[in-house]
Amino acid sequence: MKKAIGIDIGGTKIAAGIVLESGELLHRVEVKSDSTDRENMFKQVVTAVEQLLEGTPFSDIEGIGVGVPGKVDRENGIAIFQNNLPWKQFSVAARLKEYFGTKSIAMDNDVYMAAFAEWKTGQGSTNETFVYVTISTGIACSIIHHGAFIRGAGFAGELGLIPVLSKMGNERLEKISAGPGIQKIAGIPAKDVFTGYLNGSEECQPIIEEMANHLAQGLYSISSLIDPHRMVFGGSVIVNNPFLLDLIKEKLKILQLPEQQHLLEQMSISKLKQDNGIVGAGLRVFEK
């Protein structure tokens with residue numbers, strides 16, 4: 001079966017894997033990011049691929065798929081803008097082609113890569129509207145409608161930028177409901193807030209309840225605008241705290257009309273978990 005390399009690039013780590021055409025992840029490696037400058041960051045990407053290929057000839061590989069945060073020029077393989085990488089206007093595809101000698105490079109935004117993996121491995125239909133939502137250090141989404149991404153002018157899916165009503169007034173969803181936002185509100189690491197919630201902490205209970213309420217407001221915008229058939233959630237915050245999905249659904253149901261509530265039964269957490277970006281990047285190679 002054909003093989004491709006999938007790379008998921010982030011501000012703290014670079015994960016890479018060998019992906020089969022079926023979507024199976026054969027082998028995975030992870031290295032730390034080095035965001036001190038663009039060349040050091042690229043060297044870490046090369047290191048990840050070289051570690052991955054130990055014992056595997058590159059001639060067995062169909063190509064490389066790369067997921068990069070922020071705005072991406074897919075056609076020219078350029079990372080245009082990111083909040084967490086030193087790659088403004090960086091020619092990622094050209095550099096990878098030059099270094100590894102491959103002609104086949106598939107590049108896209110990292111959330112879009114993860115969405116493609118969830119849709120493809122979940123037997124996605126070309127008759128449905130599918131949404132992938134990530135809740136992690138940031139919040140974003142990607143929409144696949146009838147088998148194709150809805151991209152807008154290139155910055156579609158920034159769910160975290162939507163303002164929601166909070167006790168502090170109107171705030172952007174990401175600022176008060178992503179991992180760093182929860183930590184800032186609570187004054188302790190986000191993972192400790194979730195642990196406290198599960199243990200019945202009086203301080204943590206209202207923080208997580210409010211978080212779920214804010215997320216429900218953001219998701220209601222999606223529910224009302226495009227009325228999706230399915231929605232899958234990924235990202236470390238919700239993957240590591242699956243109970244959060246039930247809280248979100250409870251609060252979303254209050255906002256929805258009965259005619260919108262079909263979505264509640266079609267909301268799930270990723271089975272690929274933190275590997276969906278790798279798998280999606282690899283699978284996109286076979287789509288070229």
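Me: In this predicted model, at roughly what angle do the axes of α6 and α9 cross?
Reply: The model is a prediction, so that's the footing for everything here. The axes of α6 and α9 come within 12 Å of each other. Angles of 65 to 115 degrees count as roughly perpendicular, and that makes α6 roughly perpendicular to α9. The crossing angle itself is roughly 75 degrees.

Me: Which residues of α9 make the contact with α6, and how many residues of that contact are nonpolar?
Reply: On the α6 side you've got Phe194, Tyr197 and Leu198. They meet Phe243, Leu244 and Leu247 of α9. No polar and no charged residues turn up in this contact, and the nonpolar count is six.

Me: And α6 against α7: parallel or perpendicular?
Reply: The axes of α6 (residues 190-198) and α7 come within 8 Å and cross at roughly 110 degrees. The window for roughly perpendicular runs from 65 to 115 degrees. So α6 against α7 is roughly perpendicular.

Me: Who makes the contact of α6 with α7, and how many of its residues are charged?
Reply: α6 brings Asp192, Val193, Phe194, Gly196 and Tyr197. From α7 come Cys204, Gln205, Ile207, Ile208, Glu209 and Met211. By class, that's seven nonpolar and two polar residues, and the charged ones number two.

Me: Which strands stand at the edges of the open sheet β10-β9-β8-β13-β14?
Reply: This sheet has five strands with mixed pairing, in the order β10-β9-β8-β13-β14. An edge strand here has a single partner, so one side of it is left without a neighbour in the sheet. The strands in that position are β10 (148-149) and β14 (267-269).

Me: What is the bridge partner of Ile144 in β10?
Reply: β9 and β10 run antiparallel and are joined by two bridges. Ile144 has its partner in β10, and that residue is Phe149.

Me: At about what angle to β14 does α9 run?
Reply: Helix α9 (residues 243-255) lies across two strands, β13 (230-234) and β14. Its angle to β14 is about 160 degrees.

Me: What is the strand order of the open sheet that holds β1 and β2, and is its pairing mixed?Reply: Five strands make up this open sheet, and the pairing is mixed. β3 and β7 each have a single partner strand, so they stand at the edges. Neighbouring strands are turned by 15 degrees against each other on average, direction ignored. The order is β3-β2-β1-β4-β7.

Me: What is the bridge partner of Gly6 in β2?
Reply: β1 and β2 pair in the antiparallel sense, over seven bridges. For Gly6, the partner in β2 is Gly17.

Me: Which residue stands opposite Ile18 in β3?
Reply: Strand β2 (residues 13-20) and strand β3 (residues 25-32) run antiparallel, joined by seven bridges. The residue of β3 opposite Ile18 is His27.

Me: Which residue in the hairpin of β2 and β3 takes a positive phi?
Reply: Four residues sit between the two strands of this hairpin. The phi in question is near 100 degrees, and the residue that takes it is Gly23.

Me: What angle does the direction of α3 make with that of β7?
Reply: Helix α2 (residues 92-100) packs on this sheet too, touching β4 (61-68) and β7, at about 150 degrees to β7. α3 touches β1, β4 and β7. The angle of α3 with β7 is about 105 degrees.

Me: Which element gives the largest share of the lining of the largest pocket?
Reply: The largest pocket holds about 1,400 Å³ of space. Its lining has 46 residues, and the closest to the centre are Pro69, Asn84, Asp110, Val111 and Thr137. Elements that give two or more residues include β1 (3-9), β8 (129-135) and α10 (276-285). The largest share, four residues, comes from α3.

Me: How many residues of that lining are charged?
Reply: Splitting the lining of the largest pocket by class gives 14 nonpolar and 20 polar residues. The charged ones come to 12.

Me: Which element supplies the largest share of the lining of the second largest pocket?
Reply: The second largest pocket has a volume of about 240 Å³. Of its 16 lining residues, the closest to the centre are Cys141, Ile143, Gly157, Ile222 and Leu225. β9 and α7 (204-226) each supply at least two residues. The largest share is four residues, and it comes from α7.

Me: How many nonpolar residues are in the lining of the second largest pocket?
Reply: Three residues of this lining are polar and one is charged. The nonpolar count is 12.

Technical notes
Residues numbered from 1 in each chain as written. Predicted model: local features only at pLDDT ≥ 70, side-chain atom pairs only at ≥ 80, totals over all residues. Heavy atoms only, no water. 1 Å grid on protein atoms, 1.4 Å probe; cavity = no way out; pocket = protein on both sides within 12 Å on 5 of 7 lines; lining within 4 Å. Points joined across faces, edges and corners; volume = space filled by probe spheres on them. Nonpolar A, V, L, I, M, F, W, Y, C, P; charged D, E, K, R; others polar. Axes fitted to C-alpha atoms, helices over the stretch in contact; angles between N-to-C directions. Parallel < 35°, antiparallel > 145°, perpendicular 65-115°, else oblique. Contact = heavy atoms within 4.5 Å. Pairing = 2+ DSSP bridges.
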